[in-house]
Amino acid sequence: MLRNDPVPTEAELTQFYRTAYRESYKGASVPRRRQVWRNLKRLDGHFRAFRDVYAKGGAWLDLGSGSGEFTFLADRLGAQVTAVEPHLGYAAYCGEQLGLKIEGKRLEDCDFDGPRFDLIRLSHVLEHMRDPVASLQRLAGWLRPGGVIYIEVPDIERDAQNKLQGRLFHFGHIHNFNPVLLRHVAGLAGLVEVPATAARCAGRCGAFFTVGQGGALDGAALAANAARMRAVMAAHNGRRLPQPTEGTAAGQLFARLGARLGESLAAARAGTHRAMAEAAARRLQRDFSQP
């Protein structure tokens, strides 16, 4: 496990996430239109790829709901969504721009009595937690029988290839995962990967889990992963430029710049944040209504 040292205190994290996290990470206290457009496009693909999971509906918890796109789309698909977001600016934005009710607090401030949710979503949240195993154990206690938790985190192994030295780590990313460690940590918390979606999530730092035993890895598998990650970090620290798995560093840079320009133009044509969200919801509603 690659971990920030020292781990920030609870008081430091509470203050950071309420007033400084989005500004530090995204450079603004409310999301840009380009960011909203990109999030909606990515979520459209995600909902479609896992339609068998999301079409079931039910009571969902969106923990770390960010700029609210998932909550908005889930609500339009008929789920009963509870959304939690600690950043005051983003929580206010979701209410003002998207008409969402967001609970402005951290997981540590939540108190849901017993099994309550059919689906819990943690998208780029687990890496921020001081004790990820304890946090997942708590969340597992909020799942109804047969419920699932979707966990997605940045892939530190991939990022070590794609990012410059000095740009790899972030104050808020306390624990850094690769696909092996994500599944092991979930296993330590009493969760196992959902068999029906495992093939679609293979090799990714994003997967669906449910309550069960046997998800933790043995010592040999962990030792092999540790050796792999030491080699990845040694390679990262030994080069001046990124070494992406596809193309060149310069090519990747120009591709990112081009993608950002394209996103900005598309977002400008699409209109307001609410208009983009409404259009995305209509597309999903239409396609989810088809047999």
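**Close-up views of a mixed sheet**

**View 1. Strand 8 and strand 9 are antiparallel partners.** In this predicted model, 3 bridges join strand 8 to strand 9, which covers residues 206–211. Val-192 has Thr-210 of strand 9 as its bridge partner.

**View 2. The open sheet holds 7 strands.** Their order is 4-3-2-5-6-9-8, and the pairing is mixed. Strand 4 (102–103) and strand 8 (191–193) are at the edges; each has a single partner strand, so one side of each has no neighbour in the sheet.

**View 3. Thr-210 belongs to strand 9.** A polar atom of the Thr-210 side chain lies 2.8 Å from the backbone oxygen of Gly-147. Beyond its neighbours within four places in sequence, Thr-210 is in contact with Gly-146, Gly-147, Gly-190, Leu-191, Val-192 and Val-194.

**View 4. Strand 5 is largely enclosed by the rest of the structure, because 6 of its 7 residues are buried.** Strand 5 pairs with strand 2 in the parallel sense over 3 bridges, and Ile-120 of strand 5 is the bridge partner of Leu-61. Strand 5 also runs parallel to strand 6, with 6 bridges between them. Here Phe-117 stands opposite Leu-143 of strand 6. From strand 5 the chain passes through helix 7 to strand 6, a right-handed β-α-β crossover.

**View 5. Helix 7 and helix 9 each lie across several strands.** Helix 7 (residues 132–140) lies across strand 2 (59–63), strand 5 (117–123), strand 6 (143–152), strand 8 and strand 9. Helix 7 runs at about 145 degrees to strand 6. Helix 9 (residues 179–188) lies across strand 6, strand 8 and strand 9, at about 15 degrees to strand 9.

Definitions and conventions: Residues are numbered from 1 along each chain as its sequence is written. This is a predicted model: local features need pLDDT of at least 70, side-chain atom pairs count only at pLDDT 80 or more; totals for chains, interfaces and linings use all residues. Side-chain values use heavy atoms; hydrogens and water are left out. Two strands pair if DSSP finds at least two bridges between them. Helices (H or I, at least four residues) and strands (E, at least two) are DSSP runs, numbered from the N terminus. Contact means heavy atoms within 4.5 Å. Axes are lines fitted to C-alpha atoms, for helices over the stretch in contact, and angles run from 0 to 180 degrees between N-to-C directions. A polar contact is a pair of N or O atoms within 3.5 Å; within protein, one must be able to donate a hydrogen and the other to accept it, and residues adjacent in sequence count only if both atoms are side-chain atoms. Buried means under 20% relative accessible area, exposed over 50%, partly exposed in between (1.4 Å probe, protein chains only). A crossover is right-handed if, with the strands pointing away from the viewer, the path from the first strand over the helix to the second runs clockwise.
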